[in-house]
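Here's a quick briefing to read with the structure open beside you. Take the topics in any order you like.

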Amino acid sequence: MITKYEEICVLCGRPAQHRHHLINGNGKREISDRWDAIIPLCSDCHNMSKNSVHLNSKMEAMSHIIGQLWIERQMLI
């Protein structure tokens, strides 16, 4: 997990109900699991509002960029 605050949504600060995989798609979720590229999100920020990561293309692209940067950083450590 990218943050040590697993119980707090990283986008809005409300209680988190979901673990969002930053790398997703066909066969790519396992990459997220392997590199721990996961963030906690509340339901609204995950998939219940029009600005959620799964319903807003800009938010989804941002989450993929964050995931890619996280994995690249882990490879350097």
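What follows is a short tour from the overall fold down to single residues.

This is a predicted model, so treat the numbers below as computed from it. The chain has three helices and two strands, and they come in the order β-α-β-α-α along the sequence. There is a single salt bridge in the whole structure, and the largest nonpolar core has twelve residues.

**Overall shape**

- The chain's radius of gyration is 12 Å, which agrees with the value near 11 Å that a compact globule of 77 residues would have.
- Along the principal axes, the C-alpha trace spans about 35 × 25 × 20 Å.
- Out of 77 residues, 31% count as buried.
- Take the contacts between residues at least 6 apart in sequence: 56% of them join residues at least 24 apart.

**The two strands**

- β1 and β2 run antiparallel and are joined by four bridges.
- If you want one pair to look at, His21 has Ile38 in β2 as its bridge partner.
- In a regular strand, side chains alternate between the two faces of the sheet.
- β2 is covered on both faces: Ile38 and Pro40 are buried on one side, and Ile39 and Leu41 are buried on the other.
- Just ahead of β2, in the loop that follows α1 (29-35), sits Asp36.
- Asp36 has a phi near 60°, a positive value in a residue that isn't glycine.
- With a relative accessibility of 34%, Asp36 counts as partly exposed.

**The nonpolar core**

- Which residues make up the largest nonpolar core? They are Cys9, Leu22, Ile23, Ala37, Ile39, Leu41, Cys42, Cys45, Val53, Met59, Trp70 and Ile71.
- β2 and α3 (57-76) are the elements that give two or more residues to this core.
- α3 provides the largest share, with three residues.
- As general background, nonpolar side chains in soluble globular proteins tend to be buried together.
- Val53 is a handy core residue to click on, since its contacts beyond four places in sequence are Leu11, His20, Leu41, Cys45, His46, Met59, Glu60 and Ser63.

**The salt bridge**

- Asp44 pairs with Arg14, and their closest N and O atoms are 3.4 Å apart.
- Asp44 lies in helix α2 and Arg14 in the segment before β1, so the pair ties together parts that are 30 residues apart in sequence.
- Asp44 counts as partly exposed because its relative accessibility is 32%.
- Arg14 is partly exposed too, with a relative accessibility of 38%.

**The loop between α2 and α3**

- Ser52 is in the loop between α2 and α3, and Lys50 also belongs to the loop between α2 (43-48) and α3.
- Is Ser52 buried or exposed? Its relative accessibility is 0%, so Ser52 counts as buried.
- A polar atom of the Ser52 side chain lies 2.8 Å from the backbone oxygen of Ser49.
- Beyond four places in sequence, Ser52 is in contact with Asp44, Cys45, His46, Asn47 and Met59. One of these, Asp44, is the acidic half of the salt bridge with Arg14, while Cys45 and Met59 appear in the core list.
- Lys50 counts as exposed, with a relative accessibility of 69%.
- Leaving out residues up to four places away in sequence, Lys50 touches Leu55 and Asn56.

**The start of the chain**

- Thr3 lies in the segment before β1 (18-21), and Arg14 of the salt bridge is in the segment before β1 as well.
- Why does Thr3 count as buried? The cut-off for buried is under 20% relative accessible area, and Thr3 has 18%.
- The Thr3 side chain has a polar atom 3.1 Å from the backbone nitrogen of Tyr5.
- Setting aside neighbours within four places in sequence, Thr3 is in contact with Val10 and Pro40. Pro40 is one of the buried residues of β2.

Key:
Residues numbered from 1 in each chain as written. Predicted model: local features only at pLDDT ≥ 70, side-chain atom pairs only at ≥ 80, totals over all residues. Heavy atoms only, no water. Buried < 20%, exposed > 50% of the residue type's maximum accessible area, 1.4 Å probe, protein only. Polar contact = N/O pair within 3.5 Å; in protein donor to acceptor, adjacent residues only side chain to side chain. Contact = heavy atoms within 4.5 Å. Core = buried A, V, L, I, M, F, W, Y, C linked by side-chain atoms within 4.5 Å. Pairing = 2+ DSSP bridges. Salt bridge = Lys/Arg side-chain N within 4 Å of Asp/Glu carboxyl O. Rg over C-alpha atoms; globule rule 2.2 N^0.38 Å.
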